[in-house]
Amino acid sequence: MDFKEFLVRYKPAASNSTHLMLAGLIWSVVGFFLLINGYLLISMAKTDWLVLLGLAIGTAKGLTVLDKVARKNIRRINGFQQKACIGSVYSYKTWLLVILMIVTGRILRHTVLPGEVVGVVYVAVGWGLMLSSRLMWLEWRKGS
């Protein structure tokens, strides 16, 4: 058995429904933790009102940018003809974006920016992800 046959035979394949569930779960969990960390950074500065700013920005980002990304990913997943590798829950381009966002988040955490500014960014991104994950959850529920 050559390497390509090995990969095809032992790939961790999953159904479209599982891909949709995993896509929604990843966005929800990451969004939740960003939201909590952002809130903690903001509350340490005793500027809780900035949470509302982060939620407003996150809502705008979710409805205008992340919803489009979610819909595109849903169409891509629903287009799978057979059980696809679990890693294909996101496209290569999206996985690169995930890595870029992780690196950017780590850099933000270690900059000289005030904690409440980083907190607003975390709340905005976290809430945007959680809000837009609803599309993947709704699609998953439809197919379950």
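**Helix packing, nonpolar cores and salt bridges in the predicted chain**

Val29 is part of helix α2, which covers residues 16-44. The model described here is predicted. With a relative accessibility of 37%, Val29 counts as partly exposed, because the range for that class runs between 20% and 50%. Val29 also belongs to a nonpolar patch on the surface. The patch covers about 610 Å². Its other members are Leu25, Phe32, Phe33, Ile36, Tyr39 and Leu40.

The chain holds 5 helices and 2 strands. Read from the N terminus, the order of elements is α-β-α-α-β-α-α. The C-alpha trace spans about 60 × 35 × 20 Å along its principal axes. Of the 144 residues, 34% are buried. The exposed area of the chain is about 9200 Å². Carbon and sulfur atoms supply 71% of that area. Among contacts with a separation of 6 or more, 85% join residues that are 24 or more positions apart.

The interior was examined next. In soluble globular proteins, nonpolar side chains tend to be buried together. Here the largest nonpolar core has 15 residues. Ala23, Trp27 and Met136 have the most contacts inside this core. Helices α2, α3 (50-78) and α5 each give two or more residues to the core. A second core is separate and has 6 residues, including Ile42, Leu50, Val51 and Val123.

Ala23 sits in helix α2. Its relative accessible area is 0%, so Ala23 is buried. Beyond its neighbours within four places in sequence, Ala23 is in contact with five named residues: Asn73, Ile77, Val89, Tyr90 and Met136. Ala23 and Ile74 stand 51 residues apart along the chain. Their C-alpha atoms are separated by 8.9 Å.

Ser133 lies in helix α5, which runs over residues 115-143. Its relative accessibility is 3%, so Ser133 counts as buried. A polar atom of the Ser133 side chain lies 2.7 Å from the backbone oxygen of Met130. With residues up to four places away in sequence set aside, Ser133 touches Gly24, Trp27 and Ser28. One of these, Trp27, is among the residues with the most contacts inside the largest nonpolar core.

Charged pairs were then considered. Side chains of opposite charge can pair when their charged atoms come close. The count of salt bridges is 2. In one of them, Arg134 pairs with Asp67. The closest N and O atoms of this pair are 2.8 Å apart. Distant parts of the chain are linked in this way: Arg134 is in helix α5 and Asp67 is in helix α3, 67 residues apart. The two partners fall into separate accessibility classes. Arg134 has 29% relative accessibility and therefore counts as partly exposed. Asp67 has a relative accessible area of 2% and is therefore buried.

Another salt bridge joins the side chains of Glu139 and Lys142, at 3.2 Å from N to O. Glu139 is found in helix α5. Glu139 and Lys142 are 3 residues apart in this helix, so about one helical turn separates them. Their side chains also make a polar contact at 3.2 Å. Lys142 counts as exposed, because its relative accessibility is 65%. Glu139 has a relative accessible area of 18%. Glu139 therefore counts as buried, because the cut-off for that class is under 20%. Leaving out residues up to four places away in sequence, Glu139 touches Leu20, Ile74 and Asn78.

One loop residue was also noted. Lys46 lies in the loop between α2 and α3. Although Lys46 is not a glycine, its phi is positive, at about 60°. With 73% relative accessibility, Lys46 counts as exposed.

Taken together, helix α5 recurs in these results. Helix α5 contributes to the largest nonpolar core. It holds the buried Ser133. Arg134 of this helix pairs with Asp67 of helix α3. Helix α2 likewise gives two or more residues to the largest core. It holds Ala23, and it also holds Val29. Of these two, Ala23 is buried, whereas Val29 is partly exposed.

Technical notes: Residues numbered from 1 in each chain as written. Predicted model: local features only at pLDDT ≥ 70, side-chain atom pairs only at ≥ 80, totals over all residues. Heavy atoms only, no water. Helix = DSSP H or I, 4+ residues; strand = E, 2+ residues; numbered from the N terminus. Buried < 20%, exposed > 50% of the residue type's maximum accessible area, 1.4 Å probe, protein only. Polar contact = N/O pair within 3.5 Å; in protein donor to acceptor, adjacent residues only side chain to side chain. Contact = heavy atoms within 4.5 Å. Patch = residues over 30% accessible without salt bridge, like charges linked within 9 Å, V, L, I, M, F, W, Y side chains within 5 Å. Areas by Shrake-Rupley, 256 points an atom, 1.4 Å probe, with all protein chains shown as cover. Salt bridge = Lys/Arg side-chain N within 4 Å of Asp/Glu carboxyl O. Core = buried A, V, L, I, M, F, W, Y, C linked by side-chain atoms within 4.5 Å.
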